[in-house]
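Here is a short report on a protein model. Read it with the structure open beside the text.

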Amino acid sequence: MIAEAGGVPAPLEILGPQHGGGRLADVLPSALAVLGVPGAADPLGLVPSLAGVRRIAVLLVDGLGWYQLPTAAPYAPTLAGLAATVARPLIAGFPSTTPTSLVSLGTGVAPGAHGVLGFTVRVPGTDRVLTHTDWAADPSPLHWQPVPTQLERARAAGVTTTVVSRPEFGGSGLTVAANRGGDFRGAAGGDAVAAAMLAALATGPGPTLVSGYHADLDRYGHVYGVDSEPWRVAAAEVDALVARLLDGLPPDAALLVTADHGQLDIPAAHRFDLDTDPRLRAGVRLVAGEARVRYLHAEPGAVDDVRAAWSEVLGGAARVRTRAEMVAAGWFGPVPEEHLGRIGDVVVTCNDTYAVMASRTERPMASKLVAYHGSDTAAELTVPLLAIRG
(Lines give C-alpha, C1' and ligand atoms only; values in the text may rest on other atoms or scores of the structure.)
Protein backbone atom coordinates (compact mmCIF):
# COMPACT_ATOMS: atom_id res chain seq x y z
CA MET A 1 0.00 0.00 0.00
CA ILE A 2 1.37 3.39 -1.01
CA ALA A 3 1.52 6.52 1.12
CA GLU A 4 -0.08 9.67 -0.21
CA ALA A 5 2.02 12.55 -1.52
CA GLY A 6 4.06 14.27 1.13
CA GLY A 7 4.57 11.12 3.16
CA VAL A 8 1.15 11.16 4.87
CA PRO A 9 -0.08 7.56 5.13
CA ALA A 10 -3.03 6.70 2.93
CA PRO A 11 -6.06 5.65 5.00
CA LEU A 12 -5.70 1.94 4.16
CA GLU A 13 -1.94 1.86 4.56
CA ILE A 14 -0.80 -0.61 7.21
CA LEU A 15 1.14 1.02 10.02
CA GLY A 16 3.78 -1.18 11.62
CA PRO A 17 4.17 -1.50 15.40
CA GLN A 18 7.15 0.87 15.40
CA HIS A 19 5.38 3.62 13.43
CA GLY A 20 6.73 6.99 14.57
CA GLY A 21 4.98 9.76 16.41
CA GLY A 22 3.24 10.18 19.73
CA ARG A 23 0.97 7.60 21.30
CA LEU A 24 -2.47 7.85 22.88
CA ALA A 25 -0.84 6.40 25.99
CA ASP A 26 1.34 9.53 26.17
CA VAL A 27 -1.55 11.96 26.71
CA LEU A 28 -2.09 11.66 30.47
CA PRO A 29 1.61 11.41 31.39
CA SER A 30 2.15 14.70 29.54
CA ALA A 31 -0.91 16.19 31.24
CA LEU A 32 0.51 15.21 34.63
CA ALA A 33 3.80 16.85 33.70
CA VAL A 34 1.96 20.08 32.88
CA LEU A 35 0.27 19.92 36.29
CA GLY A 36 3.61 19.50 38.01
CA VAL A 37 3.23 15.92 39.23
CA PRO A 38 6.69 14.87 40.45
CA GLY A 39 8.46 12.46 38.14
CA ALA A 40 5.89 12.74 35.34
CA ALA A 41 7.40 12.55 31.87
CA ASP A 42 6.25 14.76 29.00
CA PRO A 43 6.54 12.54 25.91
CA LEU A 44 4.27 14.84 23.88
CA GLY A 45 6.12 18.03 24.83
CA LEU A 46 3.04 19.82 26.17
CA VAL A 47 4.74 21.63 29.06
CA PRO A 48 6.12 24.59 27.04
CA SER A 49 2.85 25.36 25.26
CA LEU A 50 0.73 24.87 28.39
CA ALA A 51 2.99 26.62 30.89
CA GLY A 52 0.96 28.01 33.78
CA VAL A 53 -1.99 25.70 33.24
CA ARG A 54 -3.36 24.33 36.53
CA ARG A 55 -6.48 22.58 35.29
CA ILE A 56 -6.76 20.14 32.39
CA ALA A 57 -9.85 18.60 30.82
CA VAL A 58 -9.22 15.57 28.61
CA LEU A 59 -12.12 14.62 26.34
CA LEU A 60 -12.03 11.32 24.47
CA VAL A 61 -14.52 11.19 21.57
CA ASP A 62 -15.17 7.57 20.69
CA GLY A 63 -14.61 6.96 16.97
CA LEU A 64 -13.20 10.39 16.05
CA GLY A 65 -10.14 9.16 14.17
CA TRP A 66 -7.65 11.45 12.47
CA TYR A 67 -9.06 10.48 9.07
CA GLN A 68 -12.62 11.29 10.19
CA LEU A 69 -11.80 14.94 10.91
CA PRO A 70 -12.08 16.10 7.26
CA THR A 71 -15.31 14.13 6.89
CA ALA A 72 -16.75 15.79 9.98
CA ALA A 73 -15.55 19.28 9.07
CA PRO A 74 -18.67 20.48 7.16
CA TYR A 75 -20.82 19.70 10.23
CA ALA A 76 -18.28 20.58 12.91
CA PRO A 77 -16.82 24.08 12.34
CA THR A 78 -15.17 24.26 15.76
CA LEU A 79 -13.37 20.96 15.22
CA ALA A 80 -12.46 22.00 11.69
CA GLY A 81 -10.86 25.20 12.93
CA LEU A 82 -8.94 23.39 15.65
CA ALA A 83 -7.83 20.67 13.23
CA ALA A 84 -6.32 23.33 10.99
CA THR A 85 -4.35 24.98 13.79
CA VAL A 86 -3.66 22.82 16.85
CA ALA A 87 -4.12 19.20 15.75
CA ARG A 88 -1.47 16.50 15.66
CA PRO A 89 -1.83 12.75 14.97
CA LEU A 90 -1.27 10.07 17.59
CA ILE A 91 -1.19 6.28 17.32
CA ALA A 92 -3.92 4.63 19.39
CA GLY A 93 -2.28 1.22 19.77
CA PHE A 94 -3.11 -2.28 18.63
CA PRO A 95 -5.76 -3.55 18.43
CA SER A 96 -7.48 -0.27 17.61
CA THR A 97 -10.55 -0.85 19.73
CA THR A 98 -12.31 1.03 22.52
CA PRO A 99 -11.48 -1.05 25.63
CA THR A 100 -7.81 -1.36 24.70
CA SER A 101 -7.47 2.35 23.91
CA LEU A 102 -9.34 3.53 27.00
CA VAL A 103 -7.01 1.57 29.25
CA SER A 104 -3.93 2.68 27.30
CA LEU A 105 -5.03 6.27 27.81
CA GLY A 106 -5.81 5.72 31.47
CA THR A 107 -2.63 3.87 32.40
CA GLY A 108 -0.11 5.48 30.05
CA VAL A 109 1.26 2.09 28.98
CA ALA A 110 0.97 -0.21 25.95
CA PRO A 111 -1.69 -2.95 25.78
CA GLY A 112 0.67 -5.80 26.55
CA ALA A 113 1.45 -4.31 29.93
CA HIS A 114 -2.10 -3.45 31.00
CA GLY A 115 -3.59 -6.65 29.59
CA VAL A 116 -6.83 -5.34 28.05
CA LEU A 117 -5.78 -6.80 24.72
CA GLY A 118 -8.95 -6.64 22.66
CA PHE A 119 -12.68 -6.04 22.56
CA THR A 120 -13.16 -9.64 23.62
CA VAL A 121 -10.45 -11.98 24.91
CA ARG A 122 -10.22 -15.46 26.32
CA VAL A 123 -9.91 -15.80 30.08
CA PRO A 124 -6.82 -18.04 30.23
CA GLY A 125 -7.40 -21.54 31.52
CA THR A 126 -11.12 -21.42 30.65
CA ASP A 127 -13.41 -21.45 27.63
CA ARG A 128 -14.89 -18.13 28.68
CA VAL A 129 -14.70 -15.08 26.42
CA LEU A 130 -14.65 -11.80 28.33
CA THR A 131 -16.35 -8.86 26.60
CA HIS A 132 -14.64 -5.85 28.14
CA THR A 133 -17.58 -3.51 27.55
CA ASP A 134 -19.88 -5.86 29.53
CA TRP A 135 -17.37 -6.52 32.30
CA ALA A 136 -18.55 -6.19 35.88
CA ALA A 137 -16.39 -7.61 38.68
CA ASP A 138 -15.26 -11.01 37.38
CA PRO A 139 -12.37 -11.21 36.83
CA SER A 140 -11.33 -8.59 39.34
CA PRO A 141 -10.32 -5.40 37.48
CA LEU A 142 -7.45 -4.89 39.91
CA HIS A 143 -6.05 -8.31 39.05
CA TRP A 144 -6.91 -8.33 35.35
CA GLN A 145 -5.44 -4.83 34.84
CA PRO A 146 -2.63 -4.50 37.42
CA VAL A 147 -0.99 -1.23 36.28
CA PRO A 148 -1.71 1.86 38.42
CA THR A 149 -3.63 4.49 36.48
CA GLN A 150 -2.47 8.00 35.76
CA LEU A 151 -5.44 9.31 37.77
CA GLU A 152 -4.21 7.36 40.80
CA ARG A 153 -0.78 8.84 40.33
CA ALA A 154 -2.20 12.35 39.97
CA ARG A 155 -4.40 12.02 43.04
CA ALA A 156 -1.48 10.77 45.12
CA ALA A 157 0.33 13.99 44.16
CA GLY A 158 -2.54 16.19 45.34
CA VAL A 159 -4.36 16.68 42.02
CA THR A 160 -8.18 16.70 42.15
CA THR A 161 -9.25 13.97 39.70
CA THR A 162 -12.66 13.33 38.15
CA VAL A 163 -14.06 10.95 35.52
CA VAL A 164 -17.12 11.92 33.47
CA SER A 165 -18.81 9.17 31.47
CA ARG A 166 -22.18 7.58 30.87
CA PRO A 167 -23.98 6.78 34.15
CA GLU A 168 -24.18 3.05 33.42
CA PHE A 169 -20.39 2.85 33.21
CA GLY A 170 -19.88 3.86 36.83
CA GLY A 171 -18.14 1.04 38.70
CA SER A 172 -17.83 -1.18 35.63
CA GLY A 173 -14.78 -3.38 35.20
CA LEU A 174 -13.59 -1.26 32.29
CA THR A 175 -14.02 2.02 34.17
CA VAL A 176 -12.13 0.66 37.18
CA ALA A 177 -9.37 -0.74 34.94
CA ALA A 178 -8.93 2.51 33.01
CA ASN A 179 -9.85 5.27 35.43
CA ARG A 180 -9.62 4.19 39.04
CA GLY A 181 -8.40 7.08 41.11
CA GLY A 182 -10.97 9.56 39.80
CA ASP A 183 -14.32 10.55 41.31
CA PHE A 184 -17.02 9.33 38.92
CA ARG A 185 -19.74 11.62 37.58
CA GLY A 186 -22.38 10.14 35.30
CA ALA A 187 -23.45 12.16 32.25
CA ALA A 188 -25.31 11.08 29.12
CA GLY A 189 -25.32 13.31 26.04
CA GLY A 190 -23.04 16.11 24.95
CA ASP A 191 -24.62 18.89 27.02
CA ALA A 192 -24.48 16.81 30.20
CA VAL A 193 -20.88 15.78 29.57
CA ALA A 194 -19.84 19.40 29.02
CA ALA A 195 -21.66 20.60 32.14
CA ALA A 196 -20.18 17.85 34.31
CA MET A 197 -16.65 18.37 33.00
CA LEU A 198 -16.79 22.14 33.50
CA ALA A 199 -18.22 21.75 37.00
CA ALA A 200 -15.48 19.30 37.92
CA LEU A 201 -12.87 21.60 36.44
CA ALA A 202 -13.98 24.36 38.81
CA THR A 203 -14.08 22.31 42.04
CA GLY A 204 -11.10 23.91 43.74
CA PRO A 205 -8.09 26.21 43.43
CA GLY A 206 -5.46 23.48 43.18
CA PRO A 207 -4.31 21.37 40.23
CA THR A 208 -7.23 19.57 38.63
CA LEU A 209 -7.57 16.80 36.03
CA VAL A 210 -10.90 15.85 34.46
CA SER A 211 -11.23 12.91 32.08
CA GLY A 212 -14.39 12.84 29.95
CA TYR A 213 -15.83 10.33 27.48
CA HIS A 214 -18.45 10.73 24.73
CA ALA A 215 -19.67 7.69 22.79
CA ASP A 216 -22.31 8.71 20.24
CA LEU A 217 -20.16 9.30 17.13
CA ASP A 218 -18.79 5.77 17.31
CA ARG A 219 -22.24 4.28 17.85
CA TYR A 220 -23.78 5.99 14.85
CA GLY A 221 -20.79 5.12 12.69
CA HIS A 222 -21.18 1.46 13.56
CA VAL A 223 -24.92 1.36 12.95
CA TYR A 224 -25.27 3.66 9.94
CA GLY A 225 -21.77 4.18 8.55
CA VAL A 226 -19.25 7.01 8.52
CA ASP A 227 -20.70 10.15 6.88
CA SER A 228 -24.26 8.84 7.09
CA GLU A 229 -26.87 11.40 8.07
CA PRO A 230 -27.03 10.17 11.71
CA TRP A 231 -23.21 10.24 11.85
CA ARG A 232 -23.24 13.85 10.61
CA VAL A 233 -25.73 14.82 13.32
CA ALA A 234 -23.50 13.12 15.91
CA ALA A 235 -20.47 15.01 14.55
CA ALA A 236 -22.35 18.29 14.97
CA GLU A 237 -23.19 17.30 18.57
CA VAL A 238 -19.51 16.58 19.26
CA ASP A 239 -18.70 20.02 17.84
CA ALA A 240 -21.21 21.65 20.17
CA LEU A 241 -19.72 19.75 23.12
CA VAL A 242 -16.20 20.92 22.28
CA ALA A 243 -17.38 24.51 21.71
CA ARG A 244 -19.14 24.57 25.07
CA LEU A 245 -16.05 23.27 26.83
CA LEU A 246 -13.91 25.92 25.16
CA ASP A 247 -16.35 28.68 26.09
CA GLY A 248 -16.34 27.59 29.73
CA LEU A 249 -12.62 26.97 30.26
CA PRO A 250 -11.15 28.93 33.18
CA PRO A 251 -8.15 31.09 32.22
CA ASP A 252 -5.71 28.68 33.91
CA ALA A 253 -7.15 25.63 32.13
CA ALA A 254 -6.54 23.66 28.95
CA LEU A 255 -8.63 21.23 26.93
CA LEU A 256 -7.16 18.14 25.27
CA VAL A 257 -9.41 16.36 22.76
CA THR A 258 -8.50 12.93 21.45
CA ALA A 259 -10.07 9.62 20.39
CA ASP A 260 -9.69 5.87 20.76
CA HIS A 261 -9.70 4.80 17.09
CA GLY A 262 -11.10 5.60 13.65
CA GLN A 263 -13.62 3.60 11.61
CA LEU A 264 -13.99 2.01 8.19
CA ASP A 265 -17.19 1.07 6.37
CA ILE A 266 -17.06 -2.62 5.41
CA PRO A 267 -18.92 -3.56 2.19
CA ALA A 268 -21.01 -6.74 2.11
CA ALA A 269 -18.74 -8.30 -0.51
CA HIS A 270 -15.75 -8.01 1.84
CA ARG A 271 -17.27 -9.99 4.72
CA PHE A 272 -16.29 -13.53 5.60
CA ASP A 273 -18.37 -15.54 8.07
CA LEU A 274 -16.53 -17.99 10.28
CA ASP A 275 -19.82 -19.49 11.47
CA THR A 276 -20.94 -20.59 8.01
CA ASP A 277 -17.61 -21.77 6.57
CA PRO A 278 -16.51 -25.09 8.12
CA ARG A 279 -12.95 -24.51 6.92
CA LEU A 280 -12.66 -21.58 9.35
CA ARG A 281 -14.01 -23.59 12.27
CA ALA A 282 -11.86 -26.70 11.84
CA GLY A 283 -9.42 -27.07 14.73
CA VAL A 284 -10.60 -23.87 16.43
CA ARG A 285 -11.65 -24.26 20.06
CA LEU A 286 -12.54 -20.64 20.76
CA VAL A 287 -12.73 -17.35 18.85
CA ALA A 288 -12.28 -13.89 20.40
CA GLY A 289 -11.28 -10.43 19.20
CA GLU A 290 -13.66 -8.74 16.78
CA ALA A 291 -14.43 -8.54 13.08
CA ARG A 292 -11.22 -6.78 11.99
CA VAL A 293 -8.86 -8.64 14.37
CA ARG A 294 -9.60 -12.25 15.26
CA TYR A 295 -7.95 -14.23 18.05
CA LEU A 296 -8.13 -17.96 17.31
CA HIS A 297 -7.48 -20.39 20.16
CA ALA A 298 -6.72 -23.73 18.55
CA GLU A 299 -7.33 -27.26 19.70
CA PRO A 300 -4.14 -28.98 20.93
CA GLY A 301 -1.79 -29.61 18.03
CA ALA A 302 -3.95 -27.72 15.52
CA VAL A 303 -2.22 -24.33 15.36
CA ASP A 304 -0.44 -24.95 12.06
CA ASP A 305 -3.57 -26.38 10.43
CA VAL A 306 -5.69 -23.45 11.61
CA ARG A 307 -3.17 -20.95 10.32
CA ALA A 308 -2.95 -22.70 6.94
CA ALA A 309 -6.74 -22.92 6.54
CA TRP A 310 -7.37 -19.29 7.38
CA SER A 311 -4.52 -18.18 5.12
CA GLU A 312 -5.98 -20.13 2.23
CA VAL A 313 -9.59 -18.98 2.70
CA LEU A 314 -8.82 -15.30 3.36
CA GLY A 315 -5.89 -14.92 0.96
CA GLY A 316 -4.95 -11.27 0.55
CA ALA A 317 -7.83 -10.10 2.72
CA ALA A 318 -5.84 -10.67 5.92
CA ARG A 319 -2.50 -11.52 7.49
CA VAL A 320 -2.54 -14.71 9.55
CA ARG A 321 0.23 -14.96 12.14
CA THR A 322 0.99 -16.77 15.37
CA ARG A 323 0.89 -15.19 18.79
CA ALA A 324 4.65 -15.60 19.08
CA GLU A 325 5.20 -13.71 15.81
CA MET A 326 2.93 -10.85 16.85
CA VAL A 327 4.50 -10.48 20.27
CA ALA A 328 8.05 -10.70 18.90
CA ALA A 329 7.25 -7.99 16.35
CA GLY A 330 6.13 -5.65 19.14
CA TRP A 331 2.49 -5.18 18.18
CA PHE A 332 1.35 -5.12 21.82
CA GLY A 333 4.51 -3.77 23.44
CA PRO A 334 6.12 -6.05 26.04
CA VAL A 335 3.68 -8.76 27.14
CA PRO A 336 4.18 -10.41 30.55
CA GLU A 337 3.66 -14.15 30.82
CA GLU A 338 0.33 -13.80 32.62
CA HIS A 339 -1.18 -11.85 29.70
CA LEU A 340 -0.04 -14.07 26.82
CA GLY A 341 -3.01 -16.44 27.03
CA ARG A 342 -5.40 -13.59 26.33
CA ILE A 343 -4.03 -13.41 22.78
CA GLY A 344 -5.05 -16.14 20.35
CA ASP A 345 -2.67 -18.88 19.25
CA VAL A 346 -3.36 -17.43 15.79
CA VAL A 347 -4.00 -13.72 15.17
CA VAL A 348 -5.90 -12.71 12.02
CA THR A 349 -5.50 -9.05 11.06
CA CYS A 350 -7.72 -7.84 8.22
CA ASN A 351 -6.40 -5.77 5.32
CA ASP A 352 -8.15 -3.10 3.25
CA THR A 353 -11.90 -3.09 4.07
CA TYR A 354 -12.30 -6.80 4.87
CA ALA A 355 -13.75 -8.32 8.03
CA VAL A 356 -14.50 -11.74 9.49
CA MET A 357 -17.97 -11.98 11.05
CA ALA A 358 -19.38 -14.57 13.44
CA SER A 359 -23.06 -14.42 12.55
CA ARG A 360 -24.27 -17.11 14.94
CA THR A 361 -22.00 -16.93 17.95
CA GLU A 362 -21.67 -13.17 18.54
CA ARG A 363 -24.34 -10.60 19.26
CA PRO A 364 -27.06 -10.63 16.57
CA MET A 365 -26.37 -7.02 15.62
CA ALA A 366 -22.60 -7.47 15.31
CA SER A 367 -22.71 -8.79 11.76
CA LYS A 368 -25.23 -6.17 10.65
CA LEU A 369 -23.14 -3.12 11.52
CA VAL A 370 -21.76 -0.89 8.76
CA ALA A 371 -18.47 0.46 10.15
CA TYR A 372 -15.80 -1.43 12.08
CA HIS A 373 -12.29 -0.94 13.47
CA GLY A 374 -9.62 -2.89 15.33
CA SER A 375 -6.98 -3.49 12.67
CA ASP A 376 -3.75 -1.66 11.88
CA THR A 377 -4.60 0.62 8.97
CA ALA A 378 -3.86 4.31 9.30
CA ALA A 379 -7.59 5.09 9.29
CA GLU A 380 -8.15 2.92 12.35
CA LEU A 381 -4.94 3.46 14.32
CA THR A 382 -4.46 7.21 13.92
CA VAL A 383 -6.30 9.57 16.28
CA PRO A 384 -6.08 13.33 16.78
CA LEU A 385 -4.79 15.33 19.68
CA LEU A 386 -6.17 18.86 19.91
CA ALA A 387 -4.56 20.88 22.69
CA ILE A 388 -6.14 24.26 23.51
CA ARG A 389 -5.53 26.51 26.50
CA GLY A 390 -8.18 28.76 28.00
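Two strands count as paired if DSSP finds at least two bridges between them. Strands themselves are DSSP runs, numbered from the N terminus. With that in hand, take one bridge: Val 164 has Gly 212 in E8 as its bridge partner. This is a predicted model.

**The sheet**

Strands of a sheet pair through backbone hydrogen bonds, either parallel or antiparallel. Here, 8 strands form an open sheet with mixed pairing. Their order is E1-E3-E18-E9-E2-E8-E6-E7.

Which strands stand at the edges? They are E1 (22-23) and E7 (183-186). Each has a single partner strand, so one side of each is left without a neighbour in the sheet. E1 runs parallel to E3 (residues 87-91), and 2 bridges join them. Arg 23 stands opposite Ile 91 in E3.

**Strand E8**

E8 covers residues 208-214. In the strand order, E8 sits between E2 and E6. Strand E2 (residues 55-61) pairs with E8 in the parallel sense, over 7 bridges. Leu 60 stands opposite Tyr 213 in E8. On the other flank, strand E6 (residues 160-165) also pairs with E8 in the parallel sense, over 5 bridges.

How many of the residues of E8 are buried? The count is 7 of 7, and the strand is mostly covered. In a regular strand the side chains alternate between the two faces of the sheet. In E8, Thr 208, Val 210, Gly 212 and His 214 point one way. Leu 209, Ser 211 and Tyr 213 point the other way. Both sets are buried. Tyr 213, opposite Leu 60, is thus in the second set.

**The second largest pocket**

Rolling a probe the size of a water molecule over the atoms shows where empty space is left. The second largest pocket has a volume of about 340 Å³. Its lining has 23 residues, and the closest to its centre are Pro 17, Arg 23, Gly 93, Ala 110 and Trp 331. Arg 23 has already appeared, opposite Ile 91 in E3.

By class, the lining divides into 13 nonpolar, 8 polar and 2 charged residues. Where does the second largest pocket lie relative to domain 1 and domain 2? Domain 1 (24-109 + 147-264 + 377-389) and domain 2 (268-369) both give residues to its lining, so the pocket lies between them.

**Backbone points to check**

Two peptide bonds are cis. One runs from Phe 94 to Pro 95, with omega near -5°. Pro 95 lies in the loop between E3 and helix H4 (98-107). The other runs from Asp 138 to Pro 139, with omega near 0°. Pro 139 lies in the loop between strand E5 (129-131) and helix H6 (141-144).

Positive phi comes next. The table gives two residues other than glycine.

| Residue | Phi | Relative accessible area |
|---|---|---|
| Asp 227 | near 75° | 29% |
| Asp 352 | near 50° | 25% |

Buried means under 20% relative accessible area and exposed means over 50%. At 29%, Asp 227 therefore counts as partly exposed. Asp 352, at 25%, is partly exposed as well. Asp 227 is found in the loop between helix H10 (216-224) and helix H11 (229-248). Asp 352 is found in the loop between strand E15 (346-350) and strand E16 (355-357).

Technical notes: Residues numbered from 1 in each chain as written. Predicted model: local features only at pLDDT ≥ 70, side-chain atom pairs only at ≥ 80, totals over all residues. Heavy atoms only, no water. 1 Å grid on protein atoms, 1.4 Å probe; cavity = no way out; pocket = protein on both sides within 12 Å on 5 of 7 lines; lining within 4 Å. Points joined across faces, edges and corners; volume = space filled by probe spheres on them. Nonpolar A, V, L, I, M, F, W, Y, C, P; charged D, E, K, R; others polar. Domains from an automatic or database assignment. Helix = DSSP H or I, 4+ residues; strand = E, 2+ residues; numbered from the N terminus. Buried < 20%, exposed > 50% of the residue type's maximum accessible area, 1.4 Å probe, protein only.
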